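Work through the exercises below with the sequence and the structure open. Try each task before reading its solution.

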Amino acid sequence: MQMSGAQMVCEAIIAEGVKTVFGYPGGAIMHVYDEIYKQDGFEHILTRHEQAAVHAADGYARATGEVGVAMVTSGPGFTNAVTGLATAYMDSIPLVVISGQVPLALIGTDGFQEIDAVGISRPCTKHNFLVRSLEELPRILKEAFYLARSGRPGPILVDIPKDITVEIGEFKYPDSVSIPSYKPTYKGNNRQIEKAAEAIKKAKKPLLYIGGGVVLSNAYKLVRELAEKTQIPAVETLMARGVMGADNPLLLGMLGMHGNYASNMAMSETDLIISLGARFDDRVTGKLSEFAKYADIIHVDIDPANISKLVDVDYPIVGDVSVVLQKMLPLLDDVNTDRYQAWREILKRYDELHPQSYVDSDEVIKPQWAIERLGELVGEDAIITSDVGQHQMWAAQHYPFDRPRQWINSGGLGTMGFGFPAAIGAKKAYPEKTVINITGDGSILMNMQELVTAAEYKIPVINVILNNHFLGMVRQWQTFFYEKRYSETDLTFQPNWKALAEACGGIGYDVTTKEEFDAALKDAIAQDKVCFMNVAVNRFENVLPMVPAGGALFNMMLPPKVEQEEEK
Amino acid sequence: MANSNKERRVISVIVMNESSVLSRVTSMFAARGYNIESLTVAPIPESDMSHMTIETRGSAKVMEQITKQLHKLIPVYKVIEHEEMVEKEMVLAKFPIGENLSSIAALAAAYNGGIVNVGKEMVVVQVADEPKRVKHFIEAAQRYNPCEIVRGGVVAIER
């Protein structure tokens, strides 16, 4: 069929089954927007900043497991999108971002709104394309979606010069992709899987170390089955919260810099790490030379470059976690679960010794209380997104996540301003679910313009601002490591949150007591409008436990002990 | 990373011959802090691929990462870490015509080369030999006051 390049872009998006595109028009992408106007195969959401468009597509992708699509113009449109690309790249999120570019003849002349998009985005995309002719456009679009979702997923940029979007040519969307240099390994080596299963049976203190790859691979049921079958305790990374389910008796909690005592001690004392889709990030391992000193390591990862990148691995298995576990589970039919009984008891004692706790207060709302209360009130029904900082860690520590894709946050890049647009994307994907962005008074301002987007399109996202009038995490480090010199972290000067939300067409709540918290949340859910819940929390609360950066995982700063009766 | 075992290694990278593939490879080296000591690249005859030869330095662990990170780039088809290889480097050197030409010719001949151009003021010598011997040639050539020496970078082929 004959059509313009702009039409081809729309047809490809429709052919890929994408229902929602997030974007922001501009000169170089206008022909595509003209076609968007004419079609009805997908909805377009106009965010108020390109960064938010990419984060929204990212939130959509994380919530659904499908490829998210964002569209931006050339130059500043593209550069604004870079943080979004990098965020998705670090967490291996499948995105296709389409950017306009100046016409082919202008490339390299410093044209108006020209920037080398493929050059800039090379280190923060899985792959990128500059389209050089109309003939290659259908193939590139097909490859972009394929690359985004296959292997280790990631964001793909397709940069399209304006003249190519006008040109008319033959369109046939390819049925399949053939890239001879790109053949991801899914299956996992059988011999290695057998050896790993043997190692599990011989271990005394094995530990499941579960990462975001399990979420990406949709392998959580298999992982739960593995744990159930073997009775091996499990720790989750920040990206894997929800995989085991909060009530799972085998789940110790989150490990790492702000992991709980039992998880970090388990990692320090285990004799066999079974790493599933995790990548031994520095926020997880702490000091590498002290990390899991007594352990052999089974490392299942779809990206061979992750294996033995930071720690030496004894049983490397390159493959998709789902496929590998399907093969491994039958090999563990004769596993003796009693073998790990003593180990489970040690870990249980560790957890009783230092549970994930905090000292609650009647005078002031503790941020941890707010998270737990959210869990009680909306629990498994909600999708929780977060920004970056203390609130993010408290959410990861205290929210009872029941399933993967319920918890959406920027783990790798740590992008403040991610949560609100990501929540918009998640809510578009699941309009029937309550979507709550747990945020801070620092982070929320980084994409607060999206209030307008959410109000216009009636995307009722609830922003719970844990407001401590600080850039809290930086303040915490200043307290601990910079002799309380609070350099540029005091946010005493604040907007009128309620008025700000209302000015943009949303609702605002000022919350200072627990009663007000419950009432505001109830009202926010009933009102079905985007809102800011400004929750005044204890100013100097710290995220604990904490492993100081570069310290050994077992050297934690622990929270104060809680009275026995409060624990019950 | 340990400095002690920073071994010199030569790797061949077979890539799809498409635009910006070279910058994908080199920016990966730069972004991850790996060294490139020399790099040559040219299309493979009668194919849509190119052959890059990269001379680098690193411990076994670093080399493993380099190989894996190269493989991760979408247009990279194959990475060969050379073990048993024939490697050659070409050098062009320019000397003043007033120098002892027969000595220069003899020196070049000793390193698989010879005089390839004689101008009014300069002679140009070409040499092609193993990288280690090329280094010796360059040292030996110093006594004839070379005006310019251009090294071509290593190319290698597995035996």
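The exercises that follow concern domains, a sheet and the contact between chains.

The model is predicted: local features need pLDDT of at least 70, side-chain atom pairs count only at pLDDT 80 or more, and totals for chains, interfaces and linings use all residues. Residues are numbered from 1 along each chain as its sequence is written, while chains are lettered from A and ligands numbered from 1 in the order in which they are written.

**Exercise 1.** Describe the domains of chain A and the contact between domain 1 and domain 3 of chain A.

Solution. Start with the bounds, which come from an automatic or database domain assignment. In chain A they give domain 1 (2–170), domain 2 (190–353) and domain 3 (367–536). Next, take the distance: 29 Å separates the C-alpha centres of domain 1 and domain 3 of chain A. Then count contacts, where two residues are in contact if their C-beta atoms, placed from the backbone, lie within 7 Å. Domain 1 of chain A brings 25 residues to this contact and domain 3 of chain A brings 26 residues. On the side of domain 1 of chain A that touches domain 3, the elements giving two or more residues are strand 2 (20–23), strand 3 (43–46), helix 3 (50–64) and helix 4 (76–90) of chain A. Helices (H or I, at least four residues) and strands (E, at least two) are DSSP runs, numbered from the N terminus. Helix 3 of chain A gives the most, with 11 residues.

**Exercise 2.** Do the same for the two domains of chain B.

Solution. Chain B is split into domain 1 (7–83) and domain 2 (86–158). Their C-alpha centres are 27 Å apart. The contact uses 9 residues of domain 1 of chain B and 7 residues of domain 2 of chain B. On the domain 1 side, strand 1 (7–16), strand 2 (38–43) and strand 3 (49–58) of chain B each give two or more residues. Strand 2 of chain B has the largest share, 3 residues.

**Exercise 3.** In the open sheet of chain B with the order 6-7-5-8, which strands stand at the edges?

Solution. The sheet has 4 strands with antiparallel pairing; two strands pair if DSSP finds at least two bridges between them. Strand 6 (114–118) and strand 8 (148–158) of chain B are at the edges; each has a single partner strand, so one side of each is left without a neighbour in the sheet. Neighbouring strands are turned by 20° against each other on average, direction ignored.

**Exercise 4.** Describe the surroundings of strand 6 of chain B.

Solution. First, its partner: 4 bridges join strand 6 to strand 7 (residues 122–129) of chain B, and the two run antiparallel. They form a hairpin with 3 residues between them. Among the facing positions, B:Gly114 is opposite B:Gln126 and B:Asn117 is opposite B:Val124.

Second, the helix: helix 3 (residues 101–110) of chain B lies across strand 5 (85–96), strand 6 and strand 7 of chain B, at about 130° to strand 6. Axes are lines fitted to C-alpha atoms, for helices over the stretch in contact, and angles run from 0 to 180 degrees between N-to-C directions.

Third, burial: strand 6 of chain B is hardly covered, with 0 buried residues among its 5 residues. A residue is buried if 20 or more other C-beta atoms lie within 10 Å of its own, exposed if 12 or fewer, and partly exposed in between, with C-beta atoms placed from the backbone.

**Exercise 5.** How many residues of chain A are in contact with chain B?

Solution. The count is 13 residues of chain A, against 15 residues of chain B.
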